[in-house]
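Student: I'd like to learn how to read a structure like this one. Can you walk me through it?

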Amino acid sequence: MTGVAAPDEDVNRLITFEGVTKRYPDGTVALDDVSLECPTGQITVFVGTSGGGKTTALRTINRMVEPTGGRVLIDGQDVRERKPAELRRGIGYVIQHAGLFPHRTIEDNIATVPYLLRWNKKKARDTARQLMERVGLDAGMAKRYPFQLSGGQQQRVGVARALAADPPIMLMDEPFSAVDPVVRAELQDEFLRLQDELHKTIVFVTHDIDEAIKLGDRIAVFRTGGELVQVAAPEDLLAHPADDFVAGFVGQNRGIRSLSFADTAELSLRDDLVRPVTAAPADTAGLDWVLVVDEARHPLGWVRGPEVTGPLADAALAPVGGTFQVGADSVRGALDAAVLSPAGLAVGVDGGGAVVGVTGGAELLAVPTHGEHHRRPGKEHPVDTAGADSASAVRDGASD
Ligand SMILES: Nc1ncnc2c1ncn2[C@@H]1O[C@H](COP(=O)(O)OP(=O)(O)OP(=O)(O)O)[C@@H](O)[C@H]1O
Ligand SMILES: [Mg+2]
């Protein structure tokens, strides 16, 4: 086993919450009659107010928390019918700050669960090395200790460790919260890329609504008192928040954010403002702005039609601004390109960087943000995740 096996089509891995309640002895209701499905092979994100019950809900899945009412099922089986240690071996667990063992090397941290499963040492370490490569860690780090790694690198180790026994389910509790925004974005991108290969059933807790929208196939919003307020795909959450609480939570920028789900393949692009650099000057007459392209149709820059007095090759060109890849980038990306462009027009290119056409203004905003069967442009090349931590699940289990 390498931690990278193809998804097993026979295993369902669906997580179901049925009326789950957690009431602590002091009267605190951490979860209040929560019913929810976390679909197989998808990322379900829990967001909401601090103390809203997200971590509690996550931990009922691997029995680190036992509900006082209702039940949690995996593939239709009540998790209470499974022994905690055995259950947790199939559930990777990643936490903030990675939770690595400080006195163990990186490769031995990653191989924690394989060692527990009594794999031979060579196989366990080979798996650890493969996983290091997979999460973007240099092999030279294998013999280092956690304190010799950056925060972002430690989170990668945490993810690798959670993946080591190839669990079908991953629970991730704010795995990227402790690193700076740039590193966080990298970790998120790699997480989506990894998930695109591995198709784990993932439950991911975050405070960050942007992270939830970027990573989630579905988003579950919790509020104080352990109430599940809404479960929806990100684009639906932005377009149709269930109430004022959710609307407030997704923020004032939800209009702009929702453009992330609008597909640039649906834009009609203008070709009539594009001219090859070899075109005759007269060819630009009557046009306010002209986009000049080279022989391969790669964009060179913008020029105002009336300012063209000689060959386009000699014209002083204003910078292109930004480009967007048609069908791959979202309308939000196209809007960004338009704002950066001196002409106020976004330049759409194909996968090879050749200009398809330009567009701007009202045309950009006319694209529907969720047609039927629409997929988020970003989701076609999903990203990677954060540190999972079967080890700490096993460890915590021992003290349960
Ligand atoms: N052992 C406990 N005894 C009593 N109350 C508890 C216990 N553990 C958690 N709680 C309470 O349960 C509620 C839910 O806590 P939980 O950790 O699930 O929230 P959360 O949504 O993960 O919050 P955060 O975003 O701050 O991590 C909180 O009010 C918390 O104080
Ligand atoms: Mg929490």
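Tutor: We'll go from the whole chain to two sheets and then to the ligand. Keep in mind that this is a predicted model.

Student: Okay, the whole chain. How many helices and strands does the protein chain have?

Tutor: Start with a simple tally of the secondary structure. Here the protein chain comes to 14 helices and 16 strands.

Student: And what share of the residues is buried?

Tutor: Burial is judged by counting neighbours: a residue is buried if 20 or more other C-beta atoms lie within 10 Å of its own. In this protein chain of 400 residues, 46% are buried.

Student: What do the contacts say about residues 24 or more positions apart?

Tutor: Look at contacts with a separation of 6 or more. Residues 24 or more positions apart account for 68% of them in the protein chain.

Student: Now a sheet, please. What is the order of the strands in the one with β12?

Tutor: Read a sheet strand by strand, from one side across to the other. This one is an open sheet of three strands in the order β11-β12-β13, and the pairing is mixed.

Student: Why is one side of β11 and of β13 left without a neighbour in the sheet?

Tutor: β11 (274-276) and β13 (299-304) stand at the edges and each has a single partner strand, so one side of each has no neighbour in the sheet. On average, neighbouring strands here are turned by 35 degrees against each other, direction ignored.

Student: How do β12 and β13 run, and how many bridges join them?

Tutor: Strand β12 (residues 289-293) and β13 run antiparallel, joined by five bridges. For a landmark, find Val 292, which stands opposite Gly 301 in β13.

Student: Let me practise on another one. Which strands are at the edges of the sheet β14-β15-β16?

Tutor: That sheet is also open, with three strands and mixed pairing. Its edge strands are β14 (323-325) and β16 (355-359), each pairing on one side only. Neighbouring strands are turned by 30 degrees on average, direction ignored. β15 (residues 346-349) pairs with β16 in the antiparallel sense over four bridges, and Gly 348 has Gly 357 in β16 as its bridge partner.

Student: Last stop, the ligand. Which residues are around ligand 1?

Tutor: List the shell, then sort it by character. Among the residues around ligand 1 are Tyr 24, Asp 26, Gly 51, Gly 52, Lys 54, Thr 55 and His 207. The shell divides into two nonpolar, eight polar and two charged residues.

Student: Which helix gives the most to that shell?

Tutor: Helix α1 (residues 54-61) does, with three residues.

Notes. Residues are numbered from 1 along each chain as its sequence is written. Chains are lettered from A and ligands numbered from 1 in the order in which they are written. This is a predicted model: local features need pLDDT of at least 70, side-chain atom pairs count only at pLDDT 80 or more; totals for chains, interfaces and linings use all residues. Two strands pair if DSSP finds at least two bridges between them. Helices (H or I, at least four residues) and strands (E, at least two) are DSSP runs, numbered from the N terminus. Axes are lines fitted to C-alpha atoms, for helices over the stretch in contact, and angles run from 0 to 180 degrees between N-to-C directions. A residue is near a molecule or strand if its C-beta atom, placed from the backbone, lies within 6 Å of it. Ala, Val, Leu, Ile, Met, Phe, Trp, Tyr, Cys and Pro count as nonpolar, Asp, Glu, Lys and Arg as charged, and the others, Gly among them, as polar. A residue is buried if 20 or more other C-beta atoms lie within 10 Å of its own, exposed if 12 or fewer, and partly exposed in between; C-beta atoms are placed from the backbone. Two residues are in contact if their C-beta atoms, placed from the backbone, lie within 7 Å.
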